[in-house]
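Student: Could you take me through one part of this protein in detail? I'd like to see how that part connects to the rest of the fold.

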Amino acid sequence: MDQVNLEFRGKQISASLNQGQTLKGEILSRKEPPMWYLTIGGTALTKLPALPADTESSVRERILAWLEAHPDMLDRDQIVLGGG
């Protein structure tokens, strides 16, 4: 597993694993720590640390918890890249 997709409040959310090892045992190489990058319509929302015990279900739960805590991020117009 290196990608998780879900719908939340009518929006398509994707989480992509940047590197590490997938559940299938495939090695994804990079120098940064394993992270799940969340996007909405191709626009970056945030990243969450990947955990060795991640399952599709556990990643979905973490994504949903983050989205519930940041409902304003569902509007792409509210997303400001670069922290500006």
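**A close look at the first hairpin**

Tutor: Let's start with the pairing: β1 and β2 run antiparallel and are joined by 6 bridges. This is a predicted model, so read everything here as computed from predicted coordinates. Within that pairing, Leu6 sits opposite Ile13 in β2. The two strands make a hairpin with 2 residues between them, and Arg9 in the turn has a positive phi of about 50 degrees.

Now look at the two faces of β1. Val4, Leu6 and Phe8 are on the covered face, while Gln3, Asn5 and Glu7 are on the uncovered one.

Next, zoom out to the sheet. The hairpin belongs to an open sheet of 4 strands in the order β1-β2-β5-β6, with antiparallel pairing. β1 (3-8) and β6 (43-49) are the edge strands; each has a single partner, so one side of each is left without a neighbour in the sheet. On average, neighbouring strands in this sheet are turned by 20 degrees against each other, direction ignored.

On to the other pairing of β2. Strand β2 (residues 11-17) pairs with β5 (residues 35-40) in the antiparallel sense, over 5 bridges. Here Ile13 turns up again, with Ile40 in β5 as its bridge partner. So what lies across these strands? Helix α1 (residues 56-69) lies across β1, β2, β5 and β6, and runs at about 45 degrees to β1.

Then there's the packing. The largest nonpolar core has 19 residues, and Ile13, Trp36, Leu38, Leu45, Ile63 and Leu67 touch the most other members. β1, β2, β5, β6 and α1 are the elements that give two or more residues to this core, and α1 provides the largest share, 4 residues. Leu38 is a good one to click on: leaving out residues up to four places away in sequence, its contacts include Ser14 and Ala15, Leu45 and Leu48, and Ile63 and Trp66.

Back to the turn, where Arg9 has another role to show you. Arg9 forms a salt bridge with Glu68, and the closest N and O atoms are 3.2 Å apart. Glu68 lies in helix α1 and Arg9 in the loop between β1 and β2, so the pair ties together parts that are 59 residues apart in sequence. As for accessibility, Arg9 is exposed, with a relative accessible area of 53%, and Glu68 counts as partly exposed at 47%.

How many salt bridges does a search of the whole structure find? It finds 3. Besides Arg9 and Glu68, Asp54 and Arg62 meet through their side chains at 3.1 Å, N to O. Asp54 counts as buried at 5% relative accessibility, whereas Arg62 is partly exposed, with a relative accessible area of 24%. There is also the salt bridge of Glu56 with Arg60, whose closest N and O atoms are 3.1 Å apart. Glu56 and Arg60 are 4 residues apart in helix α1, which puts about one helical turn between them. Glu56 is partly exposed at 40%, and Arg60 is partly exposed at 29%.

Finally, some context for the whole chain. The protein has 1 helix and 6 strands, in the pattern β-β-β-β-β-β-α along the sequence. Of its 84 residues, 33% are buried. Among contacts with a separation of 6 or more, residues 24 or more positions apart account for 41%.

Notes
Residues numbered from 1 in each chain as written. Predicted model: local features only at pLDDT ≥ 70, side-chain atom pairs only at ≥ 80, totals over all residues. Heavy atoms only, no water. Buried < 20%, exposed > 50% of the residue type's maximum accessible area, 1.4 Å probe, protein only. Contact = heavy atoms within 4.5 Å. Pairing = 2+ DSSP bridges. Axes fitted to C-alpha atoms, helices over the stretch in contact; angles between N-to-C directions. Core = buried A, V, L, I, M, F, W, Y, C linked by side-chain atoms within 4.5 Å. Salt bridge = Lys/Arg side-chain N within 4 Å of Asp/Glu carboxyl O.
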